[in-house]
Amino acid sequence: MDFTLNDEQDLLRGGLTRFLATRYDLEKSRAAAKTGSGWQPDIWRAFADELGILGAALPEEHGGIGGGPVEMMLIAEALGHALVVEPYVDTAVVAAGVLLRAGGDAATALLDTITSGSAVVALAATEPTSGQHWQNVTTTAHRDGDGWVLTGSKIVVSSAPLAGHVLVTARTSGAPDDADGISLFLVDMASAPTGLTMHAYRTIDDRRAADITLEGVRLPAEALLGDEGGAWPSIARARDEGAAAVSAEAVGCMRKVLADTVDYCKQRQQFGQPIGSFQVLQHRMVDMYMEVEQAAAAALLAILKLDTDEATRAQAVSAAKATVGRAAQFVGQQAVQLHGGMGMTEELAIGHYFKRLTALQFEFGSTDHHITRYGRLTTR
């Protein structure tokens, strides 16, 4: 199998890496994350106008460049390396993928605004009782005249406070744990629908999320995206795409953490010599390196399997997410230990990366969930 990047992919990675190195300041990013809206809209616009990365994995008819999973991986890894908080995975990977598969005028129009950098879209799929299983949908939608009425609640909706539109999964038929009967609805947050309340908060890794309550929220007929009751296959794929993307992001984070830890151990003096000269610490850093490389290989395999059949895709994604989750925990903890107490301070970058690596272990399914899923898929 040829893992060599083509010229366009090399240019994409190189251009984004240079942009982030010169324009994305970590201190400024952390300050923006902790105040106001929690992100830098000018950076988001630059991603679209100057780099074109928001549509890199989308077809040209939607303003994209016609790339695919590999382009998505390169972008996610570079963003992870720079600890970018702007909602690339939530909007340009997960939501954009769902909209692309849904089709229709409303979805197409929203896709165009995503690639142009003028829209942020979030997917609301998790519920208080669903746990790791997105198909457990108790939020309901029923017809009322020419429109729909939604009732239920969603929790930990990543990027919802930044989003102008939220994609909401709701049950139009079937039992609460039935994959059939799940529909997808587009909610325009700017119109402030009556009955919708949102509790926004900042997560441990300086991202923005929200819990959303829907109490008889009325939506027009065109708010239904795709076929009624047939949204689950697209949602399942979106979750796998999101898991693969954050796995690549975690690899970028871990590469930065490892590099910073090695540099620190070369500089920190103890007993009159750099602590990196102590063999026991060298062994730790070698173990960190091995974990990073295993995670990178697993993430790449998942990326390459995204366009295969459902079973193959799911197995590769769960293997990657479990491998990356284990590596993220190990690398993050070792980096903090090797930095000592200062590893958890706000002033040092390593503490911020550690928080992100911790959160990444639970996004789009926890490590334990994907280990269980992988076991189930391989014993059929």
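**Helix pairs, a cavity and two pockets**

In this predicted model, helix H7, which covers residues 232-267, and helix H8, which covers residues 279-304, have axes that come within 9 Å and cross at roughly 160 degrees. Angles over 145 degrees count as roughly antiparallel, and H7 and H8 are therefore roughly antiparallel to each other. The crossing in which H7 passes H8 is left-handed. On the side of H7, the residues that take part in the contact include Ala244, Ser247, Ala248, Val251, Met254 and Arg255, and these belong to a set that meets residues of H8, among them Met285, Met288, Tyr289, Val292 and Glu293. Sorted by class, the contact of H7 with H8 holds 15 nonpolar, two polar and two charged residues.

Helix H7 also has a contact with H5, and here the two axes come within 9 Å and cross at roughly 155 degrees. That angle makes H5 roughly antiparallel to H7, while the crossing of H5 and H7 is right-handed. From H5 the contact draws on Val89, Val93, Val94, Gly97, Val98 and Arg101, and they meet a set of H7 residues that includes Ser234, Ile235, Arg237, Ala238 and Glu241 as well as Val246 and Glu249. The residues of this contact between H5 and H7 divide into eight nonpolar, three polar and four charged.

From the helix contacts we can turn to the enclosed space, where the count comes to one cavity of 30 Å³ or more. The largest cavity has a volume of about 40 Å³, and its lining is made of Val246, Ser247, Ala250, Lys321, Val324, Gly325, Ala328, Leu357, Leu360 and Gln361. At least two residues of this lining come from each of H7, helix H9 (310-339) and helix H10 (349-360), and H9 gives the most, with four residues. By class, the lining of the largest cavity has six nonpolar, three polar and one charged residues. Two of its residues also appear in the helix contacts already described: Val246 of H7 meets H5, and Ser247 of H7 meets H8.

Open spaces come next, beginning with the largest pocket, which has a volume of about 830 Å³. This pocket is lined by 41 residues, and those that lie nearest its centre are Val156, Ser158, Phe362, Glu363 and Phe364. Two or more lining residues are given by each of helix H4 (69-81), helix H5 (88-102), strand S1 (121-124), strand S3 (147-158), strand S7 (208-219), H7 and H10. The lining of the largest pocket has, by class, 22 nonpolar, eight polar and 11 charged residues.

The second largest pocket has a volume of about 660 Å³, and of the 28 residues that line this pocket, the closest to its centre are Arg13, Leu74, Glu77, Ala78 and Arg255. The elements that give two or more residues to its lining are helix H1 (7-23), H4, H7 and H8, and the largest share, six residues, comes from H4. In terms of class, the lining of the second largest pocket has 18 nonpolar, five polar and five charged residues. Arg255, listed among the residues closest to the centre of this pocket, is also one of the H7 residues in the contact with H8.

Helix H7 can thus serve as a thread through the description: H7 crosses H8 and H5, supplies at least two residues to the lining of the largest cavity, and gives two or more residues to the lining of the largest pocket and to that of the second largest pocket.

Note on methods
Residues numbered from 1 in each chain as written. Predicted model: local features only at pLDDT ≥ 70, side-chain atom pairs only at ≥ 80, totals over all residues. Heavy atoms only, no water. Axes fitted to C-alpha atoms, helices over the stretch in contact; angles between N-to-C directions. Parallel < 35°, antiparallel > 145°, perpendicular 65-115°, else oblique. Left-handed = near helix turned anticlockwise from the far one by under 90°. Contact = heavy atoms within 4.5 Å. Nonpolar A, V, L, I, M, F, W, Y, C, P; charged D, E, K, R; others polar. 1 Å grid on protein atoms, 1.4 Å probe; cavity = no way out; pocket = protein on both sides within 12 Å on 5 of 7 lines; lining within 4 Å. Points joined across faces, edges and corners; volume = space filled by probe spheres on them.
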